[in-house]
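This report goes through the enclosed spaces of one protein model and then through the helices and strands around and beyond them. Please keep the sequence and the 3D view open while reading.

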Amino acid sequence: MTTEEQPQRLVLMNPGPVVTDDRVRSALSGPDMCHRERDFATLMTRVRSKVTRIAGGGADHTSVVLTGSGTSAVEAAIISAIPAHGGLLVLDNGHYGHRLHEIATPYGIRSRRLEFGWGTPLDLGAVERALLDDPRLTHVGVVHHETSTGMLNDVAAVAALAHRHGREVVVDAVSSVGCEPLSLERDGIDWLAGSANKCLEGAPGLSFVCARRDAFVALATGPRRTHYLDLHRHFTAQEKAGAPAFTPAVPAFHAFDIALDLALAEGVAGRRARYDALAGRLREGLARLGLRLLLPAGQRAVGLTAVRLPDEVGFDALHSALKAEGFVIYAAQEQLAQGFFRLSTMGQLTGDDIERFLATLARLLPRLTATPSTGATGAVR
């Protein structure tokens with residue numbers, strides 16, 4: 001298929017940005033709006049309220065919305081929430097767990113990395129021993145959906161353990177909020193970082209941090225490690241002044257407002273069921289093609305599947321061939337980069353998309369020969 005003949009619709013099987021609803025895309029061309037006017041304040045307040053609801057917050061919770069990727073929200077939570085005398089226990093069983101440590105280090109935040117190995121479930125006994133060994137570790141950092149492997153970590157159990165020992169928990173829910181079971185109130189999550197453009201099916205450009213309102217207020221006495229990502233600065237502006245601290249991505253707010261309406265109408269359980277059905281069809285089809293998956297069934301999130309490449313097929317060749325047919329797949333990262341690729345079932349994919357993908361993959365695989373990878377990591381979040 002030539003460039004001129006490429007399909008008009010690309011089926012994005014990368015874990016964000018995702019294929020969005022037509023109504024979300026249309027909202028991006030909403031009215032021009034000054035971010036200092038009352039109409040934007042109304043929009044921003046509405047978005048913040050919906051984000052808090054979708055994250056399972058109660059009356060005592062609120063959200064701060066940032067212009068930036070999901071990583072900016074994770075960074076804002078870590079560098080704002082951990083006090084000057086505190087420390088972060090990082091639970092690392094993949095790329096994004098390790099990233100929590102990499103975020104803390106340049107700011108001089110003391111961080112202890114508890115490494116379990118990629119695709120290895122968290123050992124709560126080891127977590128408890130680490131907390132008992134070092135009382136100065138005031139926070140535990142954990143990724144809910146570790147998209148480097150597709151593993152879903154039990155953050156509710158981590159939060160319960162942390163609270164038993166008087167610690168707080170910071171959860172990277174960038175690739176899970178809105179789809180996987182997760183609740184600020186029910187699960188006792190102290191700080192939750194998320195993104196608009198993954199399971200919430202909004203446009204790229206916005207992220208958010210959710211917490212108790214009094215926790216945001218208490219940040220006033222904390223260290224000022226940053227200017228732009230200072231959560232107290234954003235909270236004060238958005239909560240007290242009803243305005244953003246800095247110029248926001250206004251079109252993305254329009255789109256996120258609609259995306260949140262759709263997410264709330266479908267419900268977290270409904271969206272999870274939809275993604276799960278797509279993932280089930282995909283995984284069954286991959287098995288029929290003789291392709292092996294990285295994790296056991298009980299450990300996988302519904303939004304992503306890590307797949308072993310056939311020995312004779314390189315990622316670059318597979319990616320190029322599939323993109324020419326209208327499908328975008330995702331490279332694996334670091335130690336998995338040479339042997340795996342990743343497929344997302346987030347966003348507005350359909351059963352027909354999955355069946356067409358599987359049929360296309362079945363047709364292409366016999367024609368492909370080993371092609372060296374360029375080393376693309378697919379690490380952008």
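How much space lies in the second largest cavity? The model is a predicted one, and in it the second largest cavity holds about 50 Å³ of space.

**Enclosed spaces**

The structure holds 4 cavities of 30 Å³ or more, and the largest cavity has a volume of about 80 Å³. Of the 13 residues that line the largest cavity, Val65, Thr67, Pro244, Phe246 and Pro248 are the closest to its centre. Two elements, β2 and α9, give two or more residues to this lining, and the largest share, 3 residues, comes from β2.

The second largest cavity is lined by residues that include Ile79, Ser80 and Leu219, together with Arg224, Arg225, Asp230, Leu231 and His232. Here α3 and α9 each supply at least two residues of the lining, and α9 is thus named for this lining as well as for that of the largest cavity. The table sets out how the residues of the two linings divide by class.

| Cavity lining | Nonpolar | Polar | Charged |
|---|---|---|---|
| Largest cavity | 9 residues | 4 residues | no residues |
| Second largest cavity | 4 residues | 4 residues | 3 residues |

**Helix α9 and its surroundings**

Which residues of helix α9 are buried? In this helix, which spans residues 231–241, the buried residues are Leu231, His232, His234, Phe235, Ala237 and Gln238. An α-helix has 3.6 residues a turn, so residues three or four places apart point the same way. The cover over the buried residues of α9 comes from elements that include the helices α2 (38–54), α3 (70–81) and α8 (213–218), along with the strands β2 (61–67), β9 (191–195) and β10 (206–212).

Both ends of this helix can be described in some detail. At its start, a side-chain oxygen of Asp230 reaches to within 3.1 Å of the backbone nitrogen of His232, and both Asp230 and His232 also belong to the lining of the second largest cavity. After the helix comes Gly242, whose phi is positive, near 65°.

One arginine links this helix with its cover. Arg48 lies in helix α2 and is buried, with a relative accessible area of 5%, which is under the 20% cut-off. Leaving aside neighbours within four places in sequence, Arg48 is in contact with Thr62, Ser63, Val64 and Val65, and also with Gln238 and Glu239. Of these partners, Val65 is among the residues closest to the centre of the largest cavity, and Gln238 is one of the buried residues of α9.

**The sheet of β11, β14 and β13**

Further along the chain, an open sheet of 3 strands has the order β11-β14-β13, with antiparallel pairing. Its edge strands are β11 and β13 (330–331), each of which pairs on one side only. Strand β11, residues 304–308, is mostly covered, since 4 of its 5 residues are buried. It runs antiparallel to strand β14 (residues 340–344), to which 5 bridges join it; among the bridge partners in β14, Arg342 is that of Ala306 and Phe340 is that of Arg308.

A second buried arginine is found beside this strand. Arg283 has its place in helix α11, residues 268–288, and with a relative accessible area of 12% it is buried. Its contacts, leaving aside neighbours within four places in sequence, are with Leu293, Arg300, Ala301, Val302, Leu304 and Thr305. Arg283 and Ala306 are 23 residues apart in sequence, and their C-alpha atoms are 9.9 Å apart in space.

**Helix α12**

Why can helix α12 be called largely enclosed by the rest of the structure? The reason is that 7 of the 10 residues of this helix, which spans residues 315–324, are buried. The buried residues are Phe315, Asp316, Ala317, Leu318, Ala321, Leu322 and Ala324. What covers them includes β12 (327–328), β13, β14 and α13 (351–364), and of these β13 and β14 are strands of the open sheet described above. The helix is followed by Gly326, whose phi is positive, near 100°.

Notes:
Residues are numbered from 1 along each chain as its sequence is written. This is a predicted model: local features need pLDDT of at least 70, side-chain atom pairs count only at pLDDT 80 or more; totals for chains, interfaces and linings use all residues. Side-chain values use heavy atoms; hydrogens and water are left out. Buried means under 20% relative accessible area, exposed over 50%, partly exposed in between (1.4 Å probe, protein chains only). Contact means heavy atoms within 4.5 Å. A polar contact is a pair of N or O atoms within 3.5 Å; within protein, one must be able to donate a hydrogen and the other to accept it, and residues adjacent in sequence count only if both atoms are side-chain atoms. On a 1 Å grid over the protein atoms alone, a cavity is a set of points where a 1.4 Å probe fits but cannot get out, and a pocket is an open set with protein on both sides within 12 Å along at least five of seven lines; lining residues have an atom within 4 Å of a point. Grid points are joined across faces, edges and corners, and a volume is the space filled by probe spheres set on the points. Ala, Val, Leu, Ile, Met, Phe, Trp, Tyr, Cys and Pro count as nonpolar, Asp, Glu, Lys and Arg as charged, and the others, Gly among them, as polar. Two strands pair if DSSP finds at least two bridges between them.
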